[in-house]
Amino acid sequence: MVDSITERKLLINIDHHPSNTRYGDLNWIASNASSSGEMIFQLMKAARWPVTAEIADVLFTAISTDTGSFQYPSTSPDTFQTAGELVKRGASIARICDEVYQSYSLSRVRLLRRVYNQFKLTDENQIAYLWLKKSDYSKTGATREDTEGLIDHIRAIEPVVVACLFEEVEPGETRISLRSKHPDVNVNEIAKLFGGGGHKAASGARMEGSQLSVQRKVISAIRKALKTLSPEE
């Protein structure tokens, strides 16, 4: 893939993340769109390319996962209209929900058990965080794909405003996932402090350093963001 990018004639960059650095030769960045899946559907309609049932499945899945099952603030009336059009074109909601949301491997369930056993709360339970280390994967038989959506389990805790998942990629390298439940706490701005980005409600980054150092820096940044909220919030 690297060779293909290096030898390209034209790199087209289609994205909906406001943090996108517009690295392509041709850039289409729509930060008001719910997902790249929604943008691709708009492109296909404008170009009058056929949208088969198989393509509709893929685009509906992209929209559903990128919006947190239509929960995130990026979800708009256009998002629901696009989803409806994709269903009309053959997207199977039942199959998508079963395969994406209701079908867990045993290794994922074992990993989820560790999530509930190991997560931490701080700052009057407004911050929830969790470490997943390489040993967690070896002990549960889980893979990186099994972590998809795990952060939402600690995000869903009622007092929590920001959830943070720290994943050990390699010794000295950590992947950070951030989720916010408050419209005035922009985790994209937090992620940008560490070279990452994403959306106001869902962002991420990668950091180098010891686990303790990474945790202190990220939790401190979240804490500062929470202090900007008025007491009644």
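**Exercise 1. A salt bridge within one helix**

Which residue forms a salt bridge with K192, and how far apart are the closest N and O atoms? Work on the predicted model shown above, and then find where the two partners sit and whether each is buried, partly exposed or exposed.

*Solution.* Begin with the contact itself: K192 forms its salt bridge with E189, and the closest N and O atoms of the pair are 3.4 Å apart. This satisfies the criterion for a salt bridge, because a side-chain nitrogen of Lys or Arg has to lie within 4 Å of a carboxyl oxygen of Asp or Glu. Next, place the partners: both belong to helix α9, which covers residues 187-192, and because they are three residues apart there, about one helical turn separates them. Finally, consider accessibility, for which the partly exposed class lies between 20% and 50% relative accessible area. K192 has a value of 43% and is therefore partly exposed, and E189, at 41%, is partly exposed as well.

**Exercise 2. Salt bridges between distant parts of the chain**

State how many salt bridges a search of the whole structure finds, and then describe the pairs R95 with D57 and R206 with E173.

*Solution.* The search of the whole structure gives nine salt bridges. In one of them the side chains of R95 and D57 meet, with an N to O distance of 2.2 Å. R95 lies in helix α5 and D57 in helix α3, so that this pair links distant parts of the chain, 38 residues apart. The two partners must be classed separately: R95, with a relative accessible area of 38%, is partly exposed, whereas D57, at 12%, counts as buried, because buried means under 20%.

Now turn to the second pair, in which the side chains of R206 and E173 meet in a salt bridge of 3.1 Å, N to O. Since R206 is in strand β8 and E173 is in strand β6, the pair ties together parts that are 33 residues apart in sequence. Here R206 has a relative accessibility of 49% and counts as partly exposed, and E173, at 24%, also falls in the partly exposed class. As a last step, look for salt bridges that join into a network: R144, E167 and R175 are linked in this way.

**Exercise 3. The two largest pockets**

Describe the volume and the lining of the largest pocket, and then do the corresponding work for the second largest pocket.

*Solution.* The largest pocket has a volume of about 960 Å³. Its lining consists of 37 residues, and those nearest the centre are T65, E148, G149, D152 and R179. Several elements give two or more residues to this lining, among them the helices α3 (53-66), α5 (93-100) and α8 (151-155) and the strands β5 (162-170) and β6 (173-180). Sorted by class, the lining contains 10 nonpolar, 16 polar and 11 charged residues.

For the second largest pocket, the space amounts to about 280 Å³. It is lined by 18 residues, of which P73, S74, H199, K200 and A201 are the closest to its centre. The classes here are eight nonpolar, seven polar and three charged residues.

**Exercise 4. Positive phi angles and a surface patch**

Find where R22 and F70 lie and give the phi angle of each; then name the residues that make the nonpolar surface patch of about 290 Å².

*Solution.* R22 is not a glycine, and yet its phi is positive, at about 55 degrees. This residue is found in the loop between β1 (12-15) and β2, and with 46% relative accessibility R22 counts as partly exposed. F70, again not a glycine, has a positive phi of about 65 degrees, and its place is in the loop between α3 and α4 (77-88). At 22% relative accessibility F70 is partly exposed, because the buried class requires a value under 20%.

The patch, lastly, is made by L10, I12 and L26. Of these, L26 can be placed in strand β2, residues 26-29, and its relative accessible area of 47% makes L26 partly exposed. This value also fits the rule for patches, because their residues need over 30% relative accessible area.

Note on methods:
Residues numbered from 1 in each chain as written. Predicted model: local features only at pLDDT ≥ 70, side-chain atom pairs only at ≥ 80, totals over all residues. Heavy atoms only, no water. 1 Å grid on protein atoms, 1.4 Å probe; cavity = no way out; pocket = protein on both sides within 12 Å on 5 of 7 lines; lining within 4 Å. Points joined across faces, edges and corners; volume = space filled by probe spheres on them. Helix = DSSP H or I, 4+ residues; strand = E, 2+ residues; numbered from the N terminus. Nonpolar A, V, L, I, M, F, W, Y, C, P; charged D, E, K, R; others polar. Patch = residues over 30% accessible without salt bridge, like charges linked within 9 Å, V, L, I, M, F, W, Y side chains within 5 Å. Areas by Shrake-Rupley, 256 points an atom, 1.4 Å probe, with all protein chains shown as cover. Buried < 20%, exposed > 50% of the residue type's maximum accessible area, 1.4 Å probe, protein only.
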